[in-house]
Amino acid sequence: MPGDRVLRGLALRLLAIFFLSTMSALVKLAETRGALLPETMFYRQLCALPVVLAFVMAGPGLRSLRTTRFTRHLTRSMVGLVGMVFTFGAVLLLPLAEATTFQFTVPIFATILGALVLREATGWQRWGAVLVGFVGVLVVVQPGSAHIPLFGAFVGLTAALFVALVAIALRQLRDEPAGTTVFWFSVLTLPFIAIGYAFNLRSHDWLTWVNLIAIGVVGGMGQIALTAASRHAPVAAVVPMDYSGLVWATLYGFLLFGVLPTPMTWVGAPIIIASGLFIVWREHRLGRQRVRSAVEED
């Protein structure tokens, strides 16, 4: 793959992480202004739709939204909906830096699910990385202490688990245009979120409404940037950019809420990051070996 395309993919991934980190900060800020979880989720999906439609119209066109895989889109959407509940819940229950750190366990859960669900061969090196990653989680949580609520840690880890589940679901939709997958995710989840929102209707000042709308717009832009990044560079190349989210989470946490990560978060986060990077590197290396073996056999 040409170097300029890889660099473009890296830049887009960094931009996506910036948008998604900003969305998380806006979700937490909306809560301080009286908005509840069903509201933030509803406006996240509703206000992302115009952004996604504009992206589709500028690319493959509205005809690309037709699909013959409705059932698979529905499954992906339901898994993604539950994952969104836990992801937003972690942001509301935990400081931003800690909520972001738990998201770094996604490669760990992806390895576990790949072995258990997809029956993928997993050697001792990747299992060792999984164990090291969970040691990092224990360092951050410090069971028995009160600085990180155990329920909040559970929600954060469950959010990462569902992100890994979404990744598996997306494998079955990899032949669909990216805009199509994002569009159906928004459309299919909105009715379910609207039911919860209907029981939590409330008035807000105009700044809070702007905040809620911004959650959807920024979240939609983040999804588009993630999608575009995957077109320009291999996953193994762009995933390390995800760890820049800790920088944004720390900055937003300090500027908006006056909160800095605990010392143990700075100790545990690098352990989790190192575990995830090793898993990604190992998967990339094995993938190249499989391709090389297939070429030699031909």
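Leucine 165 touches Val79 and Leu113, leaving aside residues up to four places away in sequence; contact here means heavy atoms within 4.5 Å. This leucine sits in helix H8, where helices are DSSP runs (H or I, at least four residues) numbered from the N terminus. Leucine 165 is partly exposed, with a relative accessible area of 28%. On that scale, buried means under 20% relative accessible area, exposed means over 50%, and partly exposed is in between (1.4 Å probe, protein chains only). The C-alpha atoms of leucine 165 and phenylalanine 109 are separated by 8.5 Å, with the two positions 56 residues apart along the chain.

A word on the ground rules: this is a predicted model, in which local features need pLDDT of at least 70 and side-chain atom pairs count only at pLDDT 80 or more, while totals for chains, interfaces and linings use all residues. Residues are numbered from 1 along each chain as its sequence is written, and side-chain values use heavy atoms, with hydrogens and water left out.

**Helix pairs**

Two packed helices are described by the angle between their axes and the distance between the axes. The axes are lines fitted to C-alpha atoms, for helices over the stretch in contact, and the angles run from 0 to 180 degrees between N-to-C directions. Here are three pairs.

| Pair | Angle | Axis distance | Crossing |
|---|---|---|---|
| H6 and H8 | about 55° | 8 Å | right-handed |
| H2 and H4 | about 125° | 11 Å | right-handed |
| H2 and H9 | roughly 155° | within 9 Å | left-handed |

As for handedness, a crossing is left-handed if the near helix is turned anticlockwise from the far one by less than a right angle, and right-handed if clockwise.

Take H6 (residues 106–116) and H8 (residues 150–171), which pack at an angle of about 55°. That makes H6 oblique to H8; angles under 35 degrees count as roughly parallel, over 145 as roughly antiparallel, 65 to 115 as roughly perpendicular and the rest as oblique. On the H6 side, the contact is made by Val106, Phe109, Ala110 and Leu113. H8 brings in Leu157, Ala160, Leu161, Val163, Ala164, Leu165 and Ile168, so leucine 165 turns up here again.

H2 takes part in two of these pairings, one with H4 and one with H9. H2 and H4 are oblique to each other, and their contact has Leu37, Thr40, Met41, Arg44 and Gln45 from H2 against Leu81, Met84, Val85, Phe88, Gly89 and Leu92 from H4. H2 and H9, by contrast, are roughly antiparallel. There, the H2 residues include Met41 and Gln45 once more, along with Pro38, Glu39, Phe42, Tyr43 and Leu46. They meet Phe185, Ser186, Thr189, Leu190, Ile193, Ala194, Gly196 and Tyr197 in H9.

**H4 and H12 on their own**

H4 (residues 70–93) has 24 residues and should span 34 Å at 1.5 Å a residue, and its end C-alpha atoms are indeed 34 Å apart. The expected span is 1.5 Å times one less than the number of residues. Among the buried residues of H4 are His73, Arg76, Ser77, Gly80 and Gly83. Leu81, Met84, Phe88, Gly89 and Leu92 are buried too, and these five also appear in the contact with H2.

H12 has 13 residues and reaches 17 Å from its first C-alpha to its last, close to the 18 Å expected. Gly245, Leu246, Ala249, Thr250, Tyr252 and Gly253 are its buried residues. After H12 comes glycine 258, with a positive phi near 65°.

**Long-range links**

Leucine 29 lies in H1 and is partly exposed at 26% relative accessible area. It touches Asn211 and Phe257, again not counting residues up to four places away in sequence. Between leucine 29 and phenylalanine 257, 228 residues apart along the chain, the C-alpha separation is 8.5 Å.

Then there are two salt bridges, each defined as a side-chain nitrogen of Lys or Arg within 4 Å of a carboxyl oxygen of Asp or Glu. Arginine 13 pairs with aspartate 242, the closest N and O atoms being 2.7 Å apart. This pair links distant parts of the chain, 229 residues apart: arginine 13 is in H1 (residues 3–32), and aspartate 242 is in the loop between H11 (235–238) and H12 (245–257). Arginine 13 is buried, at 14% relative accessible area.

Aspartate 205 and arginine 33 form the other bridge, at 3.0 Å from N to O. Here the partners are 172 residues apart, with aspartate 205 in the loop between H9 (178–198) and H10 (206–232) and arginine 33 in the loop between H1 and H2 (37–46). Aspartate 205 is partly exposed at 40%, and arginine 33 is partly exposed at 34%.

Key. Helix = DSSP H or I, 4+ residues; strand = E, 2+ residues; numbered from the N terminus.
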